[in-house]
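Student: Could you take me through one part of this model slowly, the place where protein and DNA strand meet? I would like to see which residues are involved and how the two chains share the work.

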There are 2 protein chains.
Amino acid sequence: MKEVKRRNTRQRNVVLSVLKNTHSHPDAEWIYQEARKIIPNLSLGTVYRNLKILKDQGKIIEIKSEFSPSARYDAEVSPHGHFHCTTCDSIIDVHGVRSGDFIDETVLKGVGKVASFQVVFYGTCASCLSRNS
Amino acid sequence: MKEVKRRNTRQRNVVLSVLKNTHSHPDAEWIYQEARKIIPNLSLGTVYRNLKILKDQGKIIEIKSEFSPSARYDAEVSPHGHFHCTTCDSIIDVHGVRSGDFIDETVLKGVGKVASFQVVFYGTCASCLSRNS
DNA sequence: GTAATTGCAAAAGATTTGCCCCATT
DNA sequence: AATGGGGCAAATCTTTTGCAATTAC
């Protein structure tokens, strides 16, 4: 993506604020539906374009999961992991991920220079466990 | 996916052996092209179907990266992480990564029951670093 | 013989892009 | 006024699926 002077648009602000107001790690379609409640004639393409820009700017995180066909997004950008429940499809934040040791190790092993990382756990979340017990 | 008695087909064997013979973490299309050298009339749909079956059987791993539009595959199934070089697009194995090293198990216990996990580092690999220095 | 599997092609789903008009700076 | 951004729709890319024919067991 080329370096351009970004303008301050209502659409981009709404996309970001919708994402900041949820912990559900939604996909583009969900964000689109929510944002439409505020800007009814918003288009899905604009949502995708802005998600990419916001990701580039480091204001949001994109989550790629083996169990989700579409990318999921998160406005919490401090380093943390995710737990994807394969039963109810919800994604839960996992704080306290000790990435430092691993990044060091990776660097030490001569693999390369780490810029960021993603950790996703798969399994059954606590709610689903108790629901089926 | 329903439980069925799996048959031993040439197509599935070839897909698996193609993947076992590389460390490049290829996508379905690459596997398809390689496998076609052995079974010329193989179809891409069959490759996708078999990748899904092999994953279900735990014989291969699927890697979802923020920087790859298509899923990548790995026939090395022992728990390990990956490093995706955002310069040359190669994916490198990072061994010695265990979930317990990443996150306090007790924290994870409260979230749910973990069945598997995925760790992907993003950055610039050693080859690309030296090439551009 | 029976049911799983394949090849083919169409379909589906997710994301990107061209174009022209509008809005921000 | 200049140009980034939006809406819309078409296009692209990846993956899935229906179906009739084939193959493994």
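Tutor: Happy to! Start with the 23 residues around DNA strand C, where a residue counts as near if one of its heavy atoms lies within 4 Å of the strand; Tyr48(A), Arg6(B), Arg7(B), Arg12(B) and Thr46(B) come nearest. Of the atoms of DNA strand C that come within 4 Å of the protein, 65% belong to sugar and phosphate.

A word on the ground rules: this is a predicted model, in which local features need pLDDT of at least 70 and side-chain atom pairs count only at pLDDT 80 or more, while totals for chains, interfaces and linings use all residues. Residues are numbered from 1 along each chain as its sequence is written, chains are lettered from A and ligands numbered from 1 in the order in which they are written, and side-chain values use heavy atoms, leaving out hydrogens and water.

Now look at single atoms in chain B. An N or O atom in the side chain of Arg7(B) sits 2.7 Å from a base nitrogen of DNA strand C. Thr9(B) places a polar side-chain atom 2.8 Å from a phosphate oxygen of the strand. Asn41(B) takes part through its backbone, with a polar atom 3.4 Å from a sugar or linking oxygen. Each of these pairs fits the cut-off for a polar contact, a pair of N or O atoms within 3.5 Å; within protein, one must be able to donate a hydrogen and the other to accept it, and residues adjacent in sequence count only if both atoms are side-chain atoms.

Next, where does this surface come from? Helices are DSSP runs of H or I with at least four residues, strands are runs of E with at least two, and both are numbered from the N terminus. At least two residues each come from α3 (44-56) of chain A and from α1 (10-20) and α3 (44-56) of chain B. The largest share, five residues, belongs to α3(A).

By type, the surface has six nonpolar, nine polar and eight charged residues. Here Ala, Val, Leu, Ile, Met, Phe, Trp, Tyr, Cys and Pro count as nonpolar, Asp, Glu, Lys and Arg as charged, and the others, Gly among them, as polar.

Finally, stay with helix α3 of chain A and find Lys55(A) in it. Leaving aside residues up to four places away in sequence, Lys55(A) touches Ile60(A), Glu62(A) and Glu66(B), with contact meaning heavy atoms within 4.5 Å. The side chains of Lys55(A) and Glu62(A) are joined by a polar contact of 2.9 Å.
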